[in-house]
Amino acid sequence: MRSLTTRRCVALGLLGLLLVICLRHEPAGVTALVATSTRHTALYKDLGVAAGASKEEIKKAFRAFTRQHHPDLKETFQEKEDAKAAMAKVLRAYEVLSDDKKKAAYDESGIIPGEAPNLEEMTANELFEYYHQSSPIFSKSPTLKSLTQLRRLQEFRGGRVFLIQVYDDTQCKNCRYYSAAWEMLYQSSLVEAGVLEMYRIDALSEEGSPLLAHLGIRYRKEPYVLAIVDGEAWTLYSIAEAMKQRNHNRAFHSLLEFVMSFFYDVFQQTRSLEVTQLEDILTFLRAPRSVKQPLRALLPTINAESIPVALQMRYNQVEVRSVPREFLLEFVEEYCEMEIGVKDRFGESVPMAEFIVVSTEALPMPPKDVTETSDTAALEAETEASTPQKSCRLVHIGAAVALTYRKASRFMEDHLPERHVGMKGLRYAGATDFLQVCRDNCVVWMREDCAEAPDAHVAALMANDYLSFKTGYWCMEEERRLAEVLSKAGVWTATSKSMAASPSALVAFVGGNDSVTYQLVSLQAKAPEELTAQDIYTALSTLVGNAEESEDGSEAARVAAPIPSHLPQPVASLLATDGFPISRKQRLYIQAMTIYTFAAPLVSNSWPFFMMYLVHRFVLNRNKPEAEEEARKKREESAAAAANGVSSANEASAAPVRRRIRKPQPRVGPYNPRDMKWAKEEKGFLLLLVEDGLAAGALPLPRLALDEPFTVRVLGTGQGKWRQWILEHKPAAPEGAAEKLPEAERQISLMAIRKTRMKALVKSDAQTIDAFLRDLLDGTKNPSEELPSWAYDE
């Protein structure tokens with residue numbers, strides 16, 4: 001009894017000890033389980049997809065990440081290094097998850113094959129090569145992803161060219177080559193000024209297919225470029241010719257000429273001032289000026305051609321001209337007695353500084369000749385007015401070591417007058433800047449008349465951006481078409497001049513959709529002077545759905561919500577504009593060049609065939625009609641004779657022509673001397689194989705040798721001459737090279753004979769049979785040995 005009790009105590013003690021051990025190890029087990037689960041989903045998280053995502057989802061996420069976070073798109077060194085580290089994670093994840101076998105192994109065990117690379121010693125391209133992935137064709141130009149974006153470009157009217165490239169970075173080999181010319185153009189002053197906007201369409205993406213269908217483009221795995229100007233599409237057809245020549249400069253210049261053809265009239269306008277002496281510049285600056293163009297700007301012709309064009313397109317109220325540097329320098333230094341002093345970063349004077357001259361007021365006319373006058377005071381005043389210092393009033397000189405568009409535009413904006421009274425610092429969302437202001441989200445202040453100064457409080461509020469909303473304003477007196485459409489839609493109501501500062505005149509656009517306006521009616525409850533920035537924030541937050549909903553859901557809360565209004569036409573097509581500045585003559589020239597670049601390749605390809613036809617028709621076969629006529633008569637006579645039962649003896653005894661039908665030869669078989677005779681009349685390679693007795697009965701030939709264009713013949717024991725000749729012409733191999741071959745190929749000697757040409761080449765012992773055959777196919781090795789004279793003996 002006591003023994004039984006002791007056993008029970010021992011058993012209970014052991015059970016308790018086991019329970020304690022389990023409890024102590026349970027957290028560790030749970031932690032390990034969580035760690036394993038985390039490890040199995042780590043690669044999915046790196047790609048930003050859910051665990052178990054499909055192959056298409058993984059590929060889409062990878063392409064999106066590489067386009068957005070490629071290291072070459074970053075500016076600073078630290079940003080590039082951070083992007084490189086993130087890219088390494090994504091590339092490692094994509095290498096595993098895009099391969100079915102590796103993905104299955106990872107999902108089961110969580111093991112990631114391979115070692116992490118040393119990022120500090122690798123470039124971005126080397127990183128892609130390490131993970132066996134092709135680097136995407138990155139670009140600083142944005143990618144079109146929706147029909148709404150594309151329609152906005154087609155509906156825009158005004159001084160802007162939209163350039164679109166269709167590409168893909170997997171199947172289009174020339175797209176990667178053409179990207180260099182595309183990126184070079186993206187650095188131009190026209191893009192910086194906003195008068196040229198460049199976009200791309202990925203033809204193989206989900207978003208690209210409907211965009212190409214909308215444009216009516218059939219993608220052929222080649223780069224395709226088109227321009228949209230005032231809603232009209234123009235295609236660049238000279239890409240194919242540039243790609244054939246594989247010339248980067250040719251590709252870039254063809255693209256640049258295509259773009260500059262639209263700005264040719266503006267370019268000619270900037271070069272229209274002929275200057276041969278200083279007086280020509282003075283005449284230009286003294287001429288009366290219109291209200292629309294009160295400023296005049298002069299630049300030396302040594303600057304880039306696109307800078308004057310970009311300035312003229314960007315600032316309608318300025319007349320920009322390019323003149324010779326020596327005359328402009330004479331005007332500044334001698335006539336105006338101003339000094340152009342620019343120093344570099346080392347404090348030394350720059351000998352050839354670049355500069356720009358801006359005149360905000362017409363220069364006074366030269367004094368008249370006063371020979372007889374008794375008014376001494378009038379004579380002194382006239383003389384004082386004629387001094388150079390007085391004549392150069394309101395002439396501003398901006399100089400720099402290198403004059404870029406950004407520097408020139410900033411200098412010009414500093415001297416531009418207010419577009420409207422009291423609206424300094426506010427952006428006018430007209431045809432020129434509407435896309436910049438309302439590319440995504442924006443708030444526009446609609447003023448009925450801008451002739452008078454606005455409420456200063458409201459103007460100060462509209463000078464700032466709110467959340468993701470940019471701000472701008474309209475003068476409805478200048479935008480008559482827009483005012484009419486908005487009035488019919490109930491968005492705008494012209495009542496009186498006091499409406500200019502009314503808060504109800506604020507409308508918003510969301511997501512770049514300018515066909516739907518949102519009236520911020522919640523701002524009507526307050527007077528303009530009581531309006532605050534917080535009120536505008538609250539109204540916009542309600543619009544985007546970020547504001548907290550009213551707890552009681554009262555009627556007031558529903559009234560305060562913005563009211564959407566659908567317009568019959570997009571706003572971009574209603575803004576006042578004169579359209580793109582292109583003359584009818586230049587339009588016809590562009591059309592003619594488009595037709596020429598499209599037809600020239602077709603004509604150049606068909607021209608040799610046309611010339612061949614002419615030679616055969618009028619030179620070689622000029623007597624063919626007479627010969628055909630004689631042949632026709634002979635046939636008629638023969639037919640008539642046959643009808644009368646008369647037949648020539650030759651025709652009666654003529655034997656049928658026997659044609660030789662060649663019997664197809666087997667791919668593999670024993671050598672026969674007749675094989676050399678057949679090889680003269682065929683194409684491909686005849687392989688003569690010598691096998692030792694050790695390898696008898698086994699032919700270690702790769703599958704490639706059993707297909708076209710190879711024919712294999714095995715030399716028997718009676719072909720001693722061939723065996724000796726092959727051994728004598730075998731290339732020398734490094735010592736021990738044969739030991740590295742597969743065991744089955746070590747006793748094999750192989751010779752290839754080029755059929756028709758009948759040239760031979762013997763395989764070296766340092767190369768496998770498969771590698772030797774592939775070198776023959778791609779031309780790396782070419783048979784060149786002459787065959788012996790006895791090779792053709794039967």
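This is a short tour of a predicted model, from its nonpolar cores to a patch on its surface.

**Stop 1: the largest core.** Select Leu-163, Leu-190, Leu-196, Phe-262, Phe-263, Leu-311 and Ile-356. The largest nonpolar core has 53 residues, and these seven touch the most other members. Now add helix H11, residues 248-260. This helix gives the core six residues, its largest share. Where does this core lie? Color domain 2 (147-263) and domain 3 (272-364 + 391-414). Both domains give residues to the core, so it lies between them.

**Stop 2: Phe-263.** Center on Phe-263 and show what surrounds it. Leaving aside residues up to four places away in sequence, Phe-263 touches Val-161, Leu-190, Val-195, Val-309, Met-313 and Phe-580.

**Stop 3: a second core.** Select Tyr-428, Met-476, Leu-486 and Phe-509. They are among the 47 residues of another core, separate from the one above. In soluble globular proteins, nonpolar side chains tend to be buried together.

**Stop 4: Thr-66.** Go to helix H2, residues 55-69, and pick out Thr-66. Is Thr-66 buried or exposed? Its relative accessibility is 2%, so Thr-66 counts as buried. Next, draw a distance from the C-alpha atom of Thr-66 to that of Val-90. The two atoms are separated by 8.5 Å, while the residues are 24 apart along the chain.

**Stop 5: the surface.** Turn on the surface and select Trp-607, Phe-610, Met-611 and Tyr-613. They form a nonpolar patch there, with about 440 Å² of accessible area together. Finish on Phe-610, in helix H24 (residues 584-620). Phe-610 has 42% relative accessibility, so it counts as partly exposed.

Technical notes:
Residues numbered from 1 in each chain as written. Predicted model: local features only at pLDDT ≥ 70, side-chain atom pairs only at ≥ 80, totals over all residues. Heavy atoms only, no water. Core = buried A, V, L, I, M, F, W, Y, C linked by side-chain atoms within 4.5 Å. Buried < 20%, exposed > 50% of the residue type's maximum accessible area, 1.4 Å probe, protein only. Helix = DSSP H or I, 4+ residues; strand = E, 2+ residues; numbered from the N terminus. Domains from an automatic or database assignment. Contact = heavy atoms within 4.5 Å. Patch = residues over 30% accessible without salt bridge, like charges linked within 9 Å, V, L, I, M, F, W, Y side chains within 5 Å. Areas by Shrake-Rupley, 256 points an atom, 1.4 Å probe, with all protein chains shown as cover. Salt bridge = Lys/Arg side-chain N within 4 Å of Asp/Glu carboxyl O.
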